[in-house]
Amino acid sequence: MRFQRGQRGFTLIELLVVVAVVGLLAAIAIPSYYGARDRAAIAQSQAVLDSVKTGLGMYATDQQDGEYPLTAEIADYAALTTVLSAYVDLPGAGSEPFTFTSYASADGSTYSLVVAANDSDSTAITLTPAGVN
């Protein structure tokens, strides 16, 4: 395409300034996006764990001795969803928002459930009868 007299295109400096501004905006926006995504993963994990806490409380209430499931009863997330299926609706195994790490309840009087959130840092979250940490 030929330019007619009096018409001009963009100079190299103008194009470089535009590219620099776009690069600066991307450098600011991308980390914010990933930070928001990580916070959402942690919040989703905590919401599911709140449901687990409710389900474990209902389970203990239904038991004659008022105890939580023992360690041997809950070896993984699938077992946890099976035990609590009568009390709360949890995401199915494979679609949980965290990685199941461990469940411990030696005598049934208390419990500790540890999971790793599906964020970039695999943030450890612990659920006890007192709440989510």
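Q: What radius of gyration does the protein have, and what would a compact globule of 133 residues have?
A: In this predicted model, the protein has a radius of gyration of 26 Å, whereas a compact globule of 133 residues would have one near 14 Å.

Q: And what does the C-alpha trace span along its principal axes?
A: The C-alpha trace of the protein spans about 95 × 25 × 20 Å along those axes.

Q: OK, how many helices and strands are there, and in which pattern along the sequence?
A: The protein has 2 helices and 4 strands, and reading along the sequence gives the pattern α-α-β-β-β-β.

Q: What share of the 133 residues is buried?
A: Buried residues make up 30% of the 133 residues in the protein.

Q: Then how much area does the protein expose, and what do carbon and sulfur atoms supply?
A: The protein exposes about 8600 Å², and carbon and sulfur atoms supply 58% of that area.

Q: Which residues make a nonpolar patch on the surface?
A: A nonpolar surface patch of about 600 Å² is made by L12, I13, L16, V17, V21 and L25. One of these residues, I13, lies in helix α1, which covers residues 12-62.

Q: Is I13 buried or exposed, and why?
A: I13 counts as exposed because its relative accessible area is 60%, and the cut-off for exposed is over 50%.

Q: Switching to the other helix: why is α2 said to be largely enclosed?
A: Helix α2 runs over residues 77-84, and 6 of its 8 residues are buried, so the helix is largely enclosed by the rest of the structure. The buried residues in α2 are Y77, A79, L80, T81, V83 and L84.

Q: What covers those buried residues of α2?
A: The cover on the buried residues of α2 includes helix α1, together with the strands β1 (98-104) and β2.

Q: What about contacts between residues at least 6 apart in sequence, how many of those join residues at least 24 apart?
A: Among the contacts in the protein between residues at least 6 apart in sequence, 51% join residues at least 24 apart.

Q: Last topic, S122: where does it lie, and what is its phi?
A: S122 lies in the loop between β2 (112-117) and β3 (124-128), and its phi is near 50°, a positive value in a residue other than glycine.

Q: Why does S122 count as partly exposed?
A: S122 has a relative accessibility of 44%, so it counts as partly exposed, because that class lies between the cut-offs of under 20% for buried and over 50% for exposed.

Notes:
Residues numbered from 1 in each chain as written. Predicted model: local features only at pLDDT ≥ 70, side-chain atom pairs only at ≥ 80, totals over all residues. Heavy atoms only, no water. Buried < 20%, exposed > 50% of the residue type's maximum accessible area, 1.4 Å probe, protein only. Patch = residues over 30% accessible without salt bridge, like charges linked within 9 Å, V, L, I, M, F, W, Y side chains within 5 Å. Areas by Shrake-Rupley, 256 points an atom, 1.4 Å probe, with all protein chains shown as cover. Salt bridge = Lys/Arg side-chain N within 4 Å of Asp/Glu carboxyl O. Contact = heavy atoms within 4.5 Å. Rg over C-alpha atoms; globule rule 2.2 N^0.38 Å.
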